[in-house]
Structures are given as structure tokens and as C-alpha cells.
Amino acid sequence: MPKLSFPKEKISILLLEGIHDNAVADLADHGYANVTRLPKALDEQDLIEQLAGVHMLGIRSRSQLTEKVLREADKLMAIGCFCIGTNQVNLPVARRLGIPVFNAPHSNTRSVAELVMGEIIMLMRGIWDKSRIVHEGGWMKSAKDSYEIRGKVLGIVGYGHIGTQLSIIAEALGMRVRFFDVQKKLALGNAQSCRTLDELLTLSDVVSLHVPDTAQTRNMIGPEQLKAMKKGSYLINAARGSIIDIDALADALKSRHVLGAAIDVFPEEPAGDADEFVSPLRNLPNVILTPHIGGSTIEAQANIGNEVARKLIEYSDNGSTMGAVNFPEVQLPVRESGVRFLHIHANVPGILRKLNEVFSSRGLNMAAQYLQTDPEIGYVVFDVDGEVDDQEILADIRAIDGTLRARVLYDRRA
Ligand SMILES: NC(=O)C1=CN([C@@H]2O[C@H](COP(=O)(O)OP(=O)(O)OC[C@H]3O[C@@H](n4cnc5c(N)ncnc54)[C@H](O)[C@@H]3O)[C@@H](O)[C@H]2O)C=CC1
Ligand SMILES: O=C(O)C(=O)COP(=O)(O)O
């Protein structure tokens, strides 16, 4: 067994928001058994308190990792978002603190696309209200406001992993697909791109949003855009609550300009199941409200548990940052011998030279060196053979100006 700079059993891991058992099992299989699990997100103060002494943190979409939270978490070395979105983390601050953030960019995409496809049919048939009436003992046998989806235009905003899958499924059911994306995208099947969001809105019978939360997408669907939508069309949002002006949508639904909506994500979401959900969309007709469960299927959660746990393990075991969303990506072969050092620093000239001097001045043989930088930070891994006083070297490389973090990852000398 390699000697680790810090024994694995001491690496403290906090998993919030009901992360799947697979993550815990994978971590345990790799020797990381010091895991605390909580079923919900925590508010800022509770999070700060829970993060004391925590080295790796797993969250989903609810936990807000603000600058304050990150700066207080002085032991934190890696974050796993067991979901796609990483907008809940202050990524630039995490980067500057030398904390890589990982996510699962694919595992729940099919689940979202399937849910949206089902909702399109439910909305265009008014199933939600009809079912409620029957549950209440009523009967409303009517074709009013009830349509086939065949031949209707589905407008997809954001033609990424989810948008493209939805596009294929919708075409298979006879819909005509238009999409709008800020990047040039290959149109799949018979889908056609629109040059502007407005063009898409005026053409579509159903609009479905699949963009990330960014400064550009915040409130991208407001009163003007809702007005631009066809009268009697439908809106679906399983992306992020910040994208729609929710009060404007409530008005558009009440006036029946928009005939129905399926909304999975909200500007304000309860932290846990026991908290009340408050929204102007509650109790409006033909509005399907779901509690942010687009990616909540057994399959997706199980896969995400494996995927993100693997990324955290690879970082902690080897120093690999492949798949990090805020960090230079370094792919590291496992080495059976030597000592491995990690050094994360501000990307300013001269640091690599100073690092190399620490080793060369001791006549040490550098077996391998892996470096990646982004405009802000550099991440370098050194494998060193021979007689090494690792703690002395660590002290020297930590003392270099611009160092954000440094540690000995393992010692595999015989
Ligand atoms: N409801 C839920 O449970 C889930 C929600 N999501 C949300 O769905 C979002 C999309 O997921 P993916 O398709 O996997 O992401 P993706 O990154 O594969 O695709 C997003 C697409 O949006 C485009 N885009 C970005 N800004 C845009 C803008 N201003 N206008 C038009 N297009 C723009 C991008 O170029 C990209 O093609 C995630 O960021 C996440 O917030 C993801 C999974 C589950
Ligand atoms: O993957 C995402 O971005 C999602 O929105 C899903 O979030 P969740 O893991 O269900 O909190």
C-alpha cells in the first residue's frame, strides 16, 4: 500500500441532498469510509458549520456554495456536483482557492428528455386538469383544447445534450422541430435551426427550455418573449428557474395567451420535502408543476453516483482533474513508485522555474511532470524518485509566492 500524505480514513466527506448509495459504496471500495450523509440542502450558516474539517463535498442542485461558504471551508479540497448544473457553486472562487469542481454532464439527460416528451402530450391534451376532475369524482369528456402532437412545431431553446435527445424523440412521434442555440449546432434528423429566439417563439406550438443558468439566460423568457409566443402555445421549463420571469408567465397563463405550462424548476425552491413550495403558478389550470425531478430517476441517480464518486476518487488518489469544470484538466497515469506532489498556483510567470529549483537544488530525479494552466491558475503534478524528504520539499514549494495549495499525494517508495 502506498503511504498517503493523509490517511484515507481521515479524509472527511460530506454528501448532501440524498446522493445515491452507489457513491458511498464506490468511495468505501476505495478506502474512503469517513462519509457523512444528509438528505437535504443546508442554509449558509448550517453549511459553514457542517463543512468544518470536511475535505470533499458532494451536493446536488440545491446547495448554494457561495464565496463566504467556500472561504470558510478551509479544509475543502474537492467538490462533486452530483448533477449537471454547476451554477450553484461560485466556480471562480473555488478555482482561486484551488478547489476543483466535478459534475456528471450526461447521466440524467435522457431522464429529462423523456419527462419533457411526456409532458408535451399531457399539456396538449389537458390531461392534468381532466385527471384531477376525475379524481374528485367529476367527468369532463370533451375534445376542447385537446390536440395531437403530430405535425406540431416543438421549439427547443438550447440544443445541447438534453435538447438534442428531445429533438430525436419528438421527431419520432411526428413533431416538427426547430431549435435556437447560441453556438452553431449540427441539426439532427429533420430539425431546423432558427436564427433568433424570437423567430423560434413565433413559430412554435410548444417551447421547451434547455439552456444552463448564465447571465445571458437569466429572465430570457420575460413579458416580451411570452407575448411573442403563438397564442395558445405551451411552455416547458426543466432547465433552471431563473430563465423565466415567473410572474409574467403566471399572467400569460391567466390570460390564456399561453395555454399550458410544465415547470420543474423555480426561482425559489424548497430546501427539503418538509418546506412549503410557494409560487404564483400554484393552482393555475393546465399547469404541471413538478419538484425539480427532471433528472430524478433510479437510473440517472445511480449512474451519477458512480460517475461523480469516480471523479472525486481519481482526484484524491491520483491528482487527476479530468472532468473538472473550473480547473485545468490533468490526466495522470498511475505510477507504481516514487513520490507524487501536487501544486496549485496563480498563473504568473516564473513559478514553474522556482518549483523546479526546489527539486533540482537537491539533485532529485524528476520522473514526470504534468502541467496545465488556464488564464488564472496553474496545476502541476511532480513524480519524484530517490531520497526525498517529502515534508521538507512540501514546506519549500508551499513557500513559493503565488502558491494556492500544495500537498504530497502519495509516497510509493519501497
Ligand atoms: N430539471 C432537472 O432535473 C435538470 C435540469 N438540467 C438543466 O438543463 C440544462 C441543460 O442541460 P444539457 O442539455 O445537458 O446542457 P448542455 O450544456 O449540453 O446544453 C446547453 C445548450 O444551451 C446552449 N446555450 C447556452 N446559452 C444559451 C443561450 N443564451 N441561448 C441559447 N442557447 C444557449 C449551449 O450552447 C448548449 O448547446 C443544465 O444546464 C441544467 O441546468 C439538467 C439536468 C436535470
Ligand atoms: O442535473 C441538474 O442540473 C439538475 O438540475 C438536477 O438536479 P438535482 O440533482 O435533481 O438536484
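Which domains does the shell around ligand 1 draw at least three residues from? Keep that in mind while you set up the view. This is a predicted model, in which local features need pLDDT of at least 70 and side-chain atom pairs count only at pLDDT 80 or more, while totals for chains, interfaces and linings use all residues. Residues are numbered from 1 along each chain as its sequence is written, and chains are lettered from A and ligands numbered from 1 in the order in which they are written.

**Stop 1: the domains**

Start by colouring the protein chain by domain; the bounds come from an automatic or database domain assignment. Domain 1 is 1-108 + 298-327, domain 2 is 109-289 and domain 3 is 329-414. Now show domains 1 and 3 together: their C-alpha centres lie 24 Å apart. Between them, 15 residues of domain 1 are in contact with 20 residues of domain 3 (contact means that the C-beta atoms, placed from the backbone, lie within 7 Å). On the domain 1 side, select β1 (3-4) and α4 (91-96), the elements that give two or more residues to it. Helices (H or I, at least four residues) and strands (E, at least two) are DSSP runs, numbered from the N terminus. That side of domain 1 divides into six nonpolar, six polar and three charged residues. In this classification Ala, Val, Leu, Ile, Met, Phe, Trp, Tyr, Cys and Pro are nonpolar, Asp, Glu, Lys and Arg are charged, and the others, Gly among them, are polar.

**Stop 2: ligand 1**

Select ligand 1 and its surroundings. There are 31 residues around it, and the closest are G158, G160, I162, P212 and G294 (a residue is near a molecule if its C-beta atom, placed from the backbone, lies within 6 Å of it). Back to the opening question: the shell takes at least three residues from each of domain 1 and domain 2. Helices α5 and α7 each supply at least two residues, and α7 gives the most, with three. By class, the shell holds twelve nonpolar, 15 polar and four charged residues.

**Stop 3: helices α7 and α5**

Next, pick residues 161-172, which form α7. This helix of twelve residues reaches 17 Å from its first C-alpha to its last, close to the 16 Å expected at 1.5 Å a residue (the expected span is 1.5 Å times one less than the number of residues). I162, G163, T164, Q165, L166, S167 and A170 are buried in α7. Buried here means 20 or more other C-beta atoms within 10 Å of a residue's own, exposed means 12 or fewer, and partly exposed is in between, with C-beta atoms placed from the backbone. Which elements do the buried residues of α7 pack against? Display α5 (109-124), β7 (153-157), β8 (176-180) and β10 (206-209) to see these partners. Just after α7, look for G174, with a positive phi of about 95°.

Move on to α5, whose 16 residues reach 23 Å from first C-alpha to last, close to the expected 22 Å. Its buried residues include V112, L115, V116, M117 and I120. G126 follows α5, and its phi is positive, near 60°.

**Stop 4: the seven-stranded sheet**

Show the strands in the order β9-β8-β7-β10-β11-β12-β13: this is an open sheet with parallel pairing. At its edges are β9 (192-193) and β13 (287-289), each pairing on one side only. Strands β8 and β9 pair in the parallel sense over two bridges (two strands pair if DSSP finds at least two bridges between them). Label F179 and you will find it opposite S193 in β9.

**Stop 5: the five-stranded sheet**

A second view shows an open sheet in the order β3-β2-β4-β5-β6, with parallel pairing. Its edge strands are β3 (35-37) and β6 (101-102). Strands β5 and β6 are joined by two bridges in the parallel sense, and G80 stands opposite F102 in β6.

Is T36, in β3, buried or exposed? T36 counts as exposed because it has 11 C-beta neighbours inside 10 Å. For a long view, draw a line from T36 to G232: their C-alpha atoms are 49 Å apart, with their positions 196 residues apart along the chain.

**Stop 6: A73**

Now go to the loop between α3 (67-72) and β5 (78-81), where A73 lies. A73 is buried because 24 other C-beta atoms lie within 10 Å. Leaving aside residues up to four places away in sequence, A73 touches L51 and V54. A73 and A52 are 6.2 Å apart, C-alpha to C-alpha, yet 21 residues apart in sequence.

**Last stop: ligand 2**

Finish at ligand 2, surrounded by R60, S61, R62, C83, I84, G85, N108, H292, G295 and S296. This shell divides into two nonpolar, six polar and two charged residues.

Technical notes:
Contact = placed C-beta atoms within 7 Å.
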